[in-house]
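The following text goes through one protein chain, from its overall make-up to a single helix pair. Please have the sequence and the model open while reading.

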Amino acid sequence: MHVQHSAVDRMQDRIDRWDRSGDPRAVFLSCYALMTRNMLDALDAGEFADAAWVAHLLQHFAGYYFDALDAYEAGAEHAPEVWRCAHDAARRSNTPAISLLLLGVNAHINYDLVLAVADRLEPEWPALSEEGRRARYEDYCRVNGVIGRTIDSVQDTILDRREHIMALVDTLFGPVDEWLVSRGITEWREEVWRHAIRRVETTDDAQREVLRQEVEAAAMRWARLFDL
């Protein structure tokens, strides 16, 4: 797991720099780093049928985050639109922490994860049996359990110390973890899998680009809801 731990180290280095400079993008990245650590623990604990495949997906997925960040910092126009929205929101001093978190989660799951899963499945998909494809999907779904265990920690250790209105949010809208897991992230990840399979099974480059644009447009609809 050395490569994955290196990714966590890279995340923590950026979090530390952003915390020192007061950059609120540390909100999402702190959540992502915590999730990645919990995934590494789950891999070590044998929670996945094919730990090597999940580990490679975890590494590849992190690469999409850093690629988008590097592109944005080289010039906002170079980054995917959904990431521009997330990073631009962090530049505004009045953006709530919960919005920063949801914008980042939305961009990374509803956009990056589609591409990352498709990248990992594409070389092997034609040769996989139905049982093999089902095993990939089941390992993909096991991540939801890790997400569920992470959400409470996110609220307790990341959001609560940055956002004093979280108690009010919970009172008005119900527990954050219930929405994020039961109604939000789990449903998003089901849709991500469907989009990824469509991409894998589409061989025409022009059509694949159309699918990518559709995925980003859908993610942008969520982003506009979260961009408070």
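Among contacts in the chain between residues at least 6 apart in sequence, what percentage join residues at least 24 apart? In this predicted model, the share is 75%.

The secondary structure is quickly listed. The chain contains nine helices and zero strands, so that, read from the N terminus on, the order of elements is α-α-α-α-α-α-α-α-α. Of the 228 residues in the chain, 50% are buried. The area that the chain exposes is about 11100 Å², and 51% of that area is supplied by carbon and sulfur atoms.

One helix pair can be followed in detail. Helix α3 spans residues 51-74 and helix α4 spans residues 81-91. Their axes come within 10 Å and cross at roughly 60°. Why is α3 described as oblique to α4? Angles of 65 to 115 degrees count as roughly perpendicular and those under 35 degrees as roughly parallel; the crossing angle of roughly 60° belongs to neither class, and therefore α3 is oblique to α4. The crossing of the two helices is right-handed.

Which residues make the contact between α3 and α4? From α3 come Tyr65, Ala68, Leu69 and Tyr72, while α4 contributes Trp83, Arg84, His87, Asp88 and Arg91. By residue class, the contact of α3 with α4 comprises five nonpolar residues, one polar residue and three charged residues. Tyr counts as nonpolar in this division, as do Ala, Leu and Trp, whereas Arg and Asp count as charged.

Note on methods: Residues are numbered from 1 along each chain as its sequence is written. This is a predicted model: local features need pLDDT of at least 70, side-chain atom pairs count only at pLDDT 80 or more; totals for chains, interfaces and linings use all residues. Side-chain values use heavy atoms; hydrogens and water are left out. Helices (H or I, at least four residues) and strands (E, at least two) are DSSP runs, numbered from the N terminus. Buried means under 20% relative accessible area, exposed over 50%, partly exposed in between (1.4 Å probe, protein chains only). Contact means heavy atoms within 4.5 Å. Accessible areas come from the Shrake-Rupley method with a 1.4 Å probe; for residues, only the protein chains shown count as cover. Axes are lines fitted to C-alpha atoms, for helices over the stretch in contact, and angles run from 0 to 180 degrees between N-to-C directions. Angles under 35 degrees count as roughly parallel, over 145 as roughly antiparallel, 65 to 115 as roughly perpendicular and the rest as oblique. A crossing is left-handed if the near helix is turned anticlockwise from the far one by less than a right angle, and right-handed if clockwise.
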